[in-house]
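I set out to look up how strands pair, what fills the core and how aromatic rings meet. My entries follow in that order.

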Amino acid sequence: MIKRIIFTAIIGMMSIISVNAQSCGIENKAFKSGEFLVYDLYFNWKFVWVKVGSASMSTMESRYAGKKVFRSSLTTRGNDKLDGIFVMRDTLLSYCDAATLAPVYFRKGALEGKRYYVDELWYSYPGNNCRLKMHRIDADGEQHWNNKEYTDCVYDMMSIFLRARNFDATKMKKGDIIPMPISDARRLTNSWLKYRGKENFKVDGTGEKFRCLVFSFYEKEDGKDHELIRFYVTDDQNHLPVRLDMFLSFGSAKAFLRGYKGVRNPMSAKIK
């Protein structure tokens, strides 16, 4: 699905026995306050790749419920070319603890096709569990509230992205499978990553070339494994996603990193 495009370009470590805000976090070495990323979105229309929109992500230090947090926001916008096929207007917001990156709050407001809906998650960590307070507003305006509690760490599409960028990929081997439980306001998704190895990639439009780590994101649906996204992240401490190949129900799409500023570490994966 296109809603899982940029924000699921990620790597995660799961299967944690004892869960709390500390164990569900990770030391941040990949980004800092003030980082801003911009992507161009393309869709395969009658065997021709056409630019159909853009996406941007910003991360800033802020405060939430009296705590110091990273406030990350992602917006995706289709243009008139895409609107004729599928209307896409998504805005995602995430607050993660600044010290541990453990998720605190998540919200998604999405206009996809003719449907507009809102998902919200509030996180707490009683005892050794991860508790989610869940709120959803359907396209017809009906509201749903729920509470779920898990013995393992659970993330959303934004918080897992921030965590993943701090993952030590040097310990991974080609073919490794990594479970990644991700929740929205309806359900926990059975999803995972497969590491495909390393590859160099030249970004269309900018001419920049990077050494990349390549991953595939899978989800099980109706008893079958579906590859949703294949993505390329810089093989350095920033782990910036520079390319994403999306396998959608209504076609194929790609996203390319067009610009970045405020990155924390040298872009050592860039090939001169």
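Strand pairing. I counted two strands as paired if DSSP finds at least two bridges between them. The model I examined is predicted. I began with β13 and β14 (residues 224-234), which pair in the antiparallel sense over ten bridges. I then looked up the partner of Cys212 and found that its bridge leads to Thr234 in β14. Between the strands of this hairpin I found two residues, and I noted that Asp222 takes a positive phi near 55°.

Next I followed β14 to β15 (residues 241-248); these two strands run antiparallel and are joined by five bridges. For Tyr232, I recorded Arg243 in β15 as the bridge partner. The hairpin of β14 and β15 has six residues between its strands, and His239 in that turn has a positive phi of about 50°.

Nonpolar cores. Which residues have the most contacts inside the largest nonpolar core? I listed Phe215, Phe217, Phe231 and Val242, in a core of 67 residues. I then asked which strand gives the most to this core. The entry is β13 (residues 209-221), with six residues. I also noted a second, separate core of five residues, among them Val69, Leu93, Tyr95 and Val104.

Aromatic pairs. I searched the whole structure and obtained twelve aromatic pairs. A pair of aromatic rings is described by the distance of the centres and the angle of the planes, and I kept both values for two of the pairs.

For Tyr42 and Phe256, the ring centres are 5.6 Å apart and the planes stand at 55°, so I entered the pair as tilted. Tyr42 belongs to β1 (residues 35-45) and Phe256 to β16 (residues 251-261), so this pair ties together parts that are 214 residues apart in sequence. I found Phe256 to be buried, with a relative accessible area of 7%.

For Trp192 and Tyr218, the centres are 5.8 Å apart and the planes are at 5°; I entered this pair as stacked because planes under 30 degrees apart count as such. Trp192 lies in β12 (residues 191-202) and Tyr218 in β13, so the pair ties together parts that are 26 residues apart in sequence. Are Trp192 and Tyr218 buried or exposed? I recorded both as buried.

Cluster and charge. I traced a cluster in which ring pairs link Tyr64, Tyr95, Tyr105, Trp122 and Trp145. Tyr95 had already appeared in the second core. As a last entry, I located Lys133 over the face of Trp122, at 5.3 Å from the ring centre.

Technical notes:
Residues numbered from 1 in each chain as written. Predicted model: local features only at pLDDT ≥ 70, side-chain atom pairs only at ≥ 80, totals over all residues. Heavy atoms only, no water. Core = buried A, V, L, I, M, F, W, Y, C linked by side-chain atoms within 4.5 Å. Buried < 20%, exposed > 50% of the residue type's maximum accessible area, 1.4 Å probe, protein only. Helix = DSSP H or I, 4+ residues; strand = E, 2+ residues; numbered from the N terminus. Phe/Tyr/Trp six-rings, centres within 6.5 Å; stacked < 30°, edge-to-face > 60°. Lys NZ or Arg CZ within 6 Å of the ring centre and 35° of its normal.
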